[in-house]
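This briefing introduces one protein structure to a reader who has not met it before. Please look over the sequence and the three-dimensional view, then read the notes grouped by topic below.

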Amino acid sequence: MAGAVLVACATFAQAHQEVAAPESGTNPLADKVRAANNRFLDVKAATAEGYAPIPCASGITGGAMGVHYVNGGYLKDDKIDIARPEAVMYEPMADGTLKLVAVEYITSKGPAALDGQLFNFNSAPNRYGLGEFYELHVWAWKGNPTGTFADMNPKVSCEHTMAPSQ
């Protein structure tokens, strides 16, 4: 089952440590997300909590979401908890490290919101092979000129993603 969840998440991502405020200034929700999830600055914290990586996701028109580390248990429980995001997102760096850039909250129950911020709705059938769901990206560690809650970030790149054998 966990493998199926990761495959679904990988398909989902194919479509999505520098601490920085969003381009438009500070955002109260991003500040709360950052405070609740700073433990993920080190990717080892994510793996210790049961998150597993799926491939780096780039946008077809530029930008990227980075490498998603997904927690299958959180994905299945449909709960929205600011300190338990379903995915933690990292940008691969030239030196081989991963920098925390954002988190993503996902639920099939909705309409969904976190601290008043509405999630994006994805209907079914969809290109991810999932039922309908709601998702919210929060760019809490790397400013996003397209918005704190946008899917892709033009300042993020998958350029330095290492091949699986590396």
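Strand 4 (residues 98-107) and strand 8 run antiparallel and are joined by 5 bridges. The model in which this pairing appears is predicted. Strand 8 spans residues 133-138, and 6 of its 6 residues are buried.

**Strand 8 and its partners**

- Within the pairing of strands 4 and 8, V103 has V138 of strand 8 as its bridge partner.
- Strand 7 (residues 120-122) also pairs with strand 8, in the antiparallel sense and over 3 bridges.
- There, N120 has E135 of strand 8 as its bridge partner.
- From strand 8, F133, E135 and H137 point one way, while Y134, L136 and V138 point the other way.
- Residues on both of these sides are buried, E135 and H137 as well as L136 and V138.

**Helix 2**

- Helix 2 covers residues 28-37, and its buried residues are L29, A30, V33, R34 and N37.
- These buried residues lie on the same side of helix 2, because the arc they cover around the axis is only 135°.
- In an α-helix there are 3.6 residues a turn, so residues three or four places apart point the same way.
- The exposed residues P28 and A35 sit on the face of helix 2 that is turned away from its buried side.
- The cover over the buried residues of helix 2 includes strand 4, strand 5 (113-114), strand 6 (117-118) and strand 8.
- At the N-terminal end, helix 2 is capped by N27, which has a side-chain oxygen 2.9 Å from the backbone nitrogen of L29.

**Nonpolar cores**

- The largest nonpolar core has 36 residues, and V33, F40, Y90 and V138 are those with the most contacts inside it.
- At least two residues of this core come from each of helix 2, helix 3, strand 1, strand 2, strand 3, strand 4 and strand 8.
- The element that gives the most to this core is strand 4, with 5 residues.
- Another core, of 6 residues, lies apart from the largest one, and V70, A87, I106 and F133 are among its members.

**Aromatic pairs**

- The model contains 4 aromatic pairs.
- One of them joins Y51 and Y74: the ring centres are 5.9 Å apart and the planes stand at 75°, so this pair is edge-to-face.
- Y51 belongs to the loop between helix 3 (43-48) and strand 1 (52-58) and Y74 to helix 4 (residues 72-77), so their pair ties together parts that are 23 residues apart in sequence.
- Y51 is buried, with a relative accessible area of 3%, and Y74 also counts as buried, at 14% relative accessibility.
- Y69 and Y90 form an edge-to-face pair, with 5.3 Å from centre to centre and 80° between the planes.
- Because Y69 lies in strand 2 (residues 64-70) and Y90 in strand 3 (residues 87-92), this pair ties together parts that are 21 residues apart in sequence.
- Relative accessibility is 10% for Y69, which counts as buried, and 0% for Y90, which is buried too.
- F40, Y51 and Y74 make up one aromatic cluster.

**A buried glutamate in strand 3**

- E91 lies in strand 3 and is buried, with a relative accessible area of 7%.
- The side chains of E91 and K142 are joined by a polar contact of 2.8 Å.
- Leaving aside residues up to four places away in sequence, E91 touches T97, L98, K99, V101, K142, K155, V156 and S157.

**Backbone features in the loops**

- G110 and P111 are joined by a cis peptide bond, with omega about 5°.
- P111 is placed in the loop between strand 4 and strand 5.
- Another cis peptide bond joins A124 and P125, with omega about 0°.
- P125 is located in the loop between strand 7 and strand 8.
- D78 is not a glycine, yet its phi is positive, at about 60°.
- D78 occurs in the loop between helix 4 and strand 3 and is buried, with a relative accessible area of 18%.
- D115, likewise a residue other than glycine, has a positive phi near 55°.
- The loop between strand 5 and strand 6 holds D115.

Key:
Residues numbered from 1 in each chain as written. Predicted model: local features only at pLDDT ≥ 70, side-chain atom pairs only at ≥ 80, totals over all residues. Heavy atoms only, no water. Buried < 20%, exposed > 50% of the residue type's maximum accessible area, 1.4 Å probe, protein only. Helix = DSSP H or I, 4+ residues; strand = E, 2+ residues; numbered from the N terminus. Pairing = 2+ DSSP bridges. Phe/Tyr/Trp six-rings, centres within 6.5 Å; stacked < 30°, edge-to-face > 60°. Arc of directions from axis to C-beta. Contact = heavy atoms within 4.5 Å. Polar contact = N/O pair within 3.5 Å; in protein donor to acceptor, adjacent residues only side chain to side chain. Core = buried A, V, L, I, M, F, W, Y, C linked by side-chain atoms within 4.5 Å.
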